[in-house]
Amino acid sequence: MTQHLQRRLMPRHITFMALGMAIGTGLFLGSASTINMAGPSVLFAYMFGGLMIFIIMRALGEMAVHDPVAGSFSSYAHRYLGPFAGYVTGWNYWLLMVGVGMAESTGVGIYMKQWFPDLPQWIWVFGSVVMIGTLNLMAVKVYGEMEFWFTMIKVVTVVLMILGGAGMILLGWGNGGHPVGLSNLWSHGGWFPHGVMGMVLALPVVVFAFGGIETVGMAAGEASQPERTIPRAVNSVLWRILIFYVGALFVIMAIYPWNQIGTQGSPFVTTFDKLGIAQAAGIINFVLITAALSGFNSTTFSGSRMLYSLANKGQAPAALAKVSVHGVPVRGVLVSLACLMVGVVLNYLLPKSIFEMMMSILSFNTVWTWSMVLIAHFSFRRRYGKTAFPLRGWPFTSVICLAFLLFVVVMLGYHPDTRVALYVGAAWVALLTVAYYAFGIGRRMSLAAADANAV
């Protein structure tokens, strides 16, 4: 065992990690619900939400380029806001990664049942935990390669859907040679069929579709050329959102009336079917499985790296700071996998409700992480001024983004289905606070010592 991670993630790995987290089940499955809430105006919600995420990523990217350390935003919160902020942010993010990992592995089980309806869901969940765990126990370059190919499958699928849909709109492919045109975008109640408030109510759901994109920051400690790859990955976030979310949904809502989307199954399946691809349902199901495995792969990676970082700061058991000869925090991976096995049990007991339950509970953790990025960045800029990769428009852009995240928290409390996220999040932070101040957990290392270990 050694003490340090290894910089073996190549530029294409980092770039596709950012792309992979931007294209997930939120696009393939969650888009129908946001369309029903906002109608065609959901395009504006994705644009605005994407801009907010871009601001967060630029703030994180500026700190990561200046100081590409393990633990990313937890380390930055520790350094610029104090040990307690770093401690809560780190453990909060680890819980988020475990919870999202449970949800993504559950997704694998749900999709596999489409092909094997007689086998219980928990078997596929267990198999995905073993598979992803094995990949994450290998050299970090193996993780990077798998994420590259998982993402490639999703990218090719979305691009083909956009191109095929454009052919239907402009050339009449799959519609008897009669171009569909764009009138569906405004012919069913206009751009804002539920008013501006419909778009506003969709914003929190839209934002959570991008959850996990901050994984790029977690990879900075293992990037071979962080000063070059991190800016490239971060800067491409906005146009990826525009192409893959806005572009795909624009095409879908032009082809089908917005109020019918989701009633006839996945619009991706319907579009490929109209184009004459007989196995459309099977193809999309395969893509959904790879999307879930991709998300699961990234959460396991990020969760283990966060435990490694916390251990280096004396805020987790020291044994978790040990790294194998291949540069993998093996014990951090194993601890995360052991907790993910809880998801297997839950899939045995509650197979029909675990996915929605986990995703609604974890909304608070996502907002906390993004807020800490922006708040730590304020302190960072006051200390160093403008650096090599500055967030443009600071501090105004950060203030606007923080106000938006506050709005998201208010909306979590507004909706009964998501209110539980605030209760669980507050209870978790309270538990961490008691552990920190009453029992001294996480206070064993000085800030200077933590900085020395943050590599």
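This is a short tour of side-chain contacts, to be followed selection by selection in the viewer.

The model is predicted: local features need pLDDT of at least 70, side-chain atom pairs count only at pLDDT 80 or more, and totals for chains, interfaces and linings use all residues. Residues are numbered from 1 along each chain as its sequence is written, and side-chain values use heavy atoms, with hydrogens and water left out.

**Stop 1: E62**

Select E62. It lies in helix α4. Helices here are DSSP runs (H or I, at least four residues), and strands are runs of E of at least two, numbered from the N terminus. Is E62 buried or exposed? E62 is buried, at 1% relative accessible area. Buried means under 20% relative accessible area, exposed over 50%, and partly exposed in between (1.4 Å probe, protein chains only).

Now show what surrounds E62. Setting aside residues up to four places away in sequence, E62 touches H377, F380, R381, G385, K386, T387, F389, P390 and L391. Contact means heavy atoms within 4.5 Å.

Which side chains make polar contacts with that of E62? The side chain of H377 does so at 2.7 Å. The side chain of R381 does so at 3.3 Å. A polar contact is a pair of N or O atoms within 3.5 Å; within protein, one must be able to donate a hydrogen and the other to accept it, and residues adjacent in sequence count only if both atoms are side-chain atoms.

**Stop 2: the salt bridges**

How many salt bridges does a search of the whole structure find? There are two. The term means a side-chain nitrogen of Lys or Arg within 4 Å of a carboxyl oxygen of Asp or Glu.

Keep E62 and add R381. Their side chains form a salt bridge, 3.3 Å from N to O. E62 is in helix α4 and R381 in helix α16, so the pair ties together parts that are 319 residues apart in sequence. Both residues are buried.

Next, select D67 and R79. This salt bridge has its closest N and O atoms 1.9 Å apart. D67 sits in the loop between α4 and α5 (72-81), R79 in helix α5, and the two are 12 residues apart. D67 is buried, at 15% relative accessibility. R79 is also buried, at 11%.

**Stop 3: helix α5**

Select α5 as a whole. It is mostly covered, with nine of its 10 residues buried. Among the buried ones are S72, F73, Y76, R79 and Y80. Step past the end of the helix to G82: this residue follows α5 and has a positive phi, near 120°.

**Stop 4: aromatic rings**

Show every Phe, Tyr and Trp. A search of the whole structure finds 21 aromatic pairs. Rings of Phe, Tyr and Trp (its six-membered ring) pair if their centres lie within 6.5 Å; planes under 30 degrees apart count as stacked, over 60 as edge-to-face and the rest as tilted.

Zoom to F44 and F192. Their ring centres are 5.7 Å apart and their planes meet at 10°, so the pair is stacked. F44 lies in helix α4 (residues 42-66) and F192 in the loop between α8 (140-171) and α9 (195-208), so parts that are 148 residues apart in sequence are tied together. F44 is partly exposed, at 33%. F192 is partly exposed too, at 35%.

Move to F364 and W368. This aromatic pair is tilted: 6.1 Å centre to centre, with 45° between the planes. Because they are four residues apart in helix α16 (residues 363-384), about one helical turn separates F364 and W368. F364 is buried, at 14% relative accessibility. W368 is partly exposed, at 23%.

Then select Y76, Y80, F380 and Y384. Ring pairs link these residues into a cluster.

Finish the rings with R58 and F389. The charged end of R58 sits over the ring of F389, 4.1 Å from its centre. Such a charge is NZ of Lys or CZ of Arg, within 6 Å of the ring centre and within 35 degrees of the ring normal.

**Stop 5: R419 and two cysteines**

Select R419, in helix α18 (residues 419-439). R419 is partly exposed, at 29%. Leaving out neighbours within four places in sequence, R419 is in contact with L412, G413 and Y414. Add I361: the C-alpha atoms of R419 and I361 are 8.4 Å apart, with their positions 58 residues apart along the chain.

Last, colour the cysteines. The structure holds zero disulfides (pairs of cysteine sulfur atoms within 2.5 Å). C339 is partly exposed, at 25%, while C401 is buried, at 0%.
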